[in-house]
Structures are given as C-alpha cells and as structure tokens.
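Morning, everyone. I have one structure to walk through today. Have a look at the screen before I start.

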Amino acid sequence: SRWFFALPDGMREPRTWADVQCIGEDVRSGRLSLGRVGEALAACDLLWMNGENFIRPGALKGRLLLVLAYLASEVYGKRCVLTNVSLDLSDPELATIARHVLPRLAEVHVRETVSLAAHAAIIGGVAPQLYPDPGWAAQPRPPEQWAALARLAGHFSAWPDVAEGFDPSE
C-alpha cells in the first residue's frame with residue numbers, strides 16, 4: 001500500500017482524465033516502469049483493491065487507486081475489483097476520472113449509501129454493490145469513555161499516520 005502515498009518515479013500526478021490516459025500510454029509503451037507493481041500486475045489473474053475510503057478530493061491515494069485500476073484493466077488486461085470504497089466525487093476532475101475508470105472494472109463495492117448515490121448521479125450505468133463497513137454502523141461510545149479508548153496502542157499512531165504526543169483528552 002505504500003505505492004499509493006507517493007508518486008512512482010517518473011509518473012505525472014493524475015489530476016485529469018487526460019493525465020490518466022497519458023500514464024497508461026507511458027506504461028504501455030515502456031516509457032514508464034511500474035517496477036515490482038508492474039511485474040505483479042503482469043503475473044496476476046485478478047487485481048483486488050481495498051479502497052479504504054480514499055476516493056475523495058485532495059487525496060493522492062484515491063487518484064492512484066483509480067490509476068492502478070485503469071492500468072490493470074486497460075493496459076494489463078486484468079479483471080479488477082475495487083472494494084470497501086467511499087466516493088466523494090465533488091471535485092469535477094476526480095468525478096471525470098471516476099466516470100471513465102469505474103465502469104471498466106469487474107466490480108465496485110461501496111461502503112455506504114452516500115457513495116451509492118454519488119455513483120448513480122455522476123457515473124450511472126451498472127450500480128456498484130453495497131457492502132456496508134461495520135464502522136459506519138457502529139454506535140460511538142459516550143464522550144467520557146472516548147479518551148481511554150483512543151489511548152489504546154495503534155489507535156492513532158498506525159502507519160502511515162503518526163500521532164506521537166497526541167493527547168485525545170485535550
């Protein structure tokens with residue numbers, strides 16, 4: 001998953017659908033190497049990606065998820081499933097990328113009904129499947145219990161997010 005937090009060497013930032021297409025052409029022609037990721041894509045039968053709520057404005061990971069899905073399906077000819085994803089398509093360029101990439105995938109699984117509605121409104125076509133994330137249905141603990149729970153090991157400081165010195169009671 002570290003691939004999704006920084007651009008691979010030589011890859012342009014995928015800000016637009018045209019950028020995604022150029023990245024695809026660069027990989028197809030050999031001008032851009034994906035290294036071990038490209039080797040894994042060439043060798044696999046299916047790419048199954050955990051979206052983890054990242055297709056939203058301002059998140060490079062979400063755009064790179066869409067790029068990888070596009071590369072898997074269009075450049076490498078692999079079936080691709082994007083699961084456990086929330087879609088915030090309020091950014092017009094991100095919505096355009098999603099409109100072109102998501103229909104190419106074998107399956108899309110969204111976490112909640114807001115994403116289901118966003119897909120229907122912006123992308124249309126075959127609706128993604130709704131697989132609710134238990135976190136969306138969980139009832140929060142009362143505020144007086146929250147600080148003790150938040151101090152549990154790994155609750156805030158877990159790669160790639162580091163929160164050393166954070167005191168949740170403040």
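I'll go from the whole chain to two helices, then to a few single residues, and end with the pocket.

A word of caution up front: this is a predicted model. Every value you hear is computed from it.

Start with the chain. We have seven helices and four strands. From the N terminus, the order reads α-α-β-α-β-α-β-α-β-α-α. So much for the order. For overall dimensions, take the C-alpha atoms along the principal axes: their box is roughly 55 × 35 × 30 Å. The chain has 170 residues, and 39% of them are buried. Now the contacts. Take pairs at least 6 apart in sequence: 65% of those contacts join residues at least 24 apart.

On to helix H4, residues 92-101. Which residues of H4 are buried? Five names: Leu-94, Ala-95, Ile-97, Ala-98 and Val-101. Look down the helix axis. Those buried residues fall within an arc of 160°, so they line one face of H4. What covers them? The cover includes three helices: H1 at 17-29, H3 at 60-75 and H5 at 113-122. The N-terminal end of H4 has a cap, and the residue is Asp-91. One of its side-chain oxygens sits 3.0 Å from the backbone nitrogen of Glu-93.

H5 is part of that cover, so to speak, and it gets its own turn. In H5, the buried residues are Ser-115, Ala-118 and His-119. Their arc around the axis is only 100°, which puts them on the same side of H5. And the face turned away from that side? There we find the exposed residues Thr-113, Val-114, Ala-120 and Ala-121. The cover over the buried residues of H5 includes strands S2 and S3, with S3 running 107-110.

Both ends of H5 deserve a glance. At the start, a side-chain oxygen of Glu-112 comes within 3.2 Å of the backbone nitrogen of Val-114. After the helix comes Gly-124, with a positive phi near 70°.

Just ahead of H5, look at the loop that leads in from S3. Arg-111 lies in that loop. Is Arg-111 buried or exposed? Its relative accessible area is 9%, so Arg-111 is buried. Its side chain makes a polar contact with the side chain of Ser-86, at 3.4 Å.

Next, strand S2, residues 79-85. Two residues here. Thr-83 lies in this strand. With 13% relative accessibility, Thr-83 counts as buried, because the cut-off is under 20%. Which side chain does Thr-83 meet in a polar contact? That of His-109, at 2.8 Å. Leave out sequence neighbours up to four places away, and Thr-83 touches Trp-48, Met-49, Asn-50, Gly-51, Glu-52 and His-109. So His-109 turns up in both the contact list and the polar contact.

The second residue in S2 is Asn-84. Check its backbone. Phi is near 60°, a positive value in a residue other than glycine. At 17% relative accessibility, Asn-84 also counts as buried.

Back to the N-terminal part, and to H1. Val-27 lies in this helix. It is buried, at 9% relative accessible area. Beyond four places in sequence, Val-27 touches Leu-32, Leu-34, Leu-71, Val-75 and Tyr-76. There is a further distance to note, from Val-27 to Met-11. They are 16 residues apart in sequence, and 9.5 Å apart in space, C-alpha to C-alpha.

Last stop, the pocket. Why use a probe at all? Rolling one the size of a water molecule over the atoms shows where empty space is left. What volume does the largest pocket have? About 180 Å³. Its lining comes to 14 residues. Nearest the centre are Leu-102, Leu-105, Val-108, Val-126 and Ala-127. Sort the lining by class, and you get nine nonpolar, four polar and one charged.

To recap the helices: the buried residues of H4 line one face. Those of H5 sit on the same side of their helix. That's my tour.

Note on methods: Residues numbered from 1 in each chain as written. Predicted model: local features only at pLDDT ≥ 70, side-chain atom pairs only at ≥ 80, totals over all residues. Heavy atoms only, no water. Buried < 20%, exposed > 50% of the residue type's maximum accessible area, 1.4 Å probe, protein only. Helix = DSSP H or I, 4+ residues; strand = E, 2+ residues; numbered from the N terminus. Arc of directions from axis to C-beta. Contact = heavy atoms within 4.5 Å. Polar contact = N/O pair within 3.5 Å; in protein donor to acceptor, adjacent residues only side chain to side chain. 1 Å grid on protein atoms, 1.4 Å probe; cavity = no way out; pocket = protein on both sides within 12 Å on 5 of 7 lines; lining within 4 Å. Points joined across faces, edges and corners; volume = space filled by probe spheres on them. Nonpolar A, V, L, I, M, F, W, Y, C, P; charged D, E, K, R; others polar.
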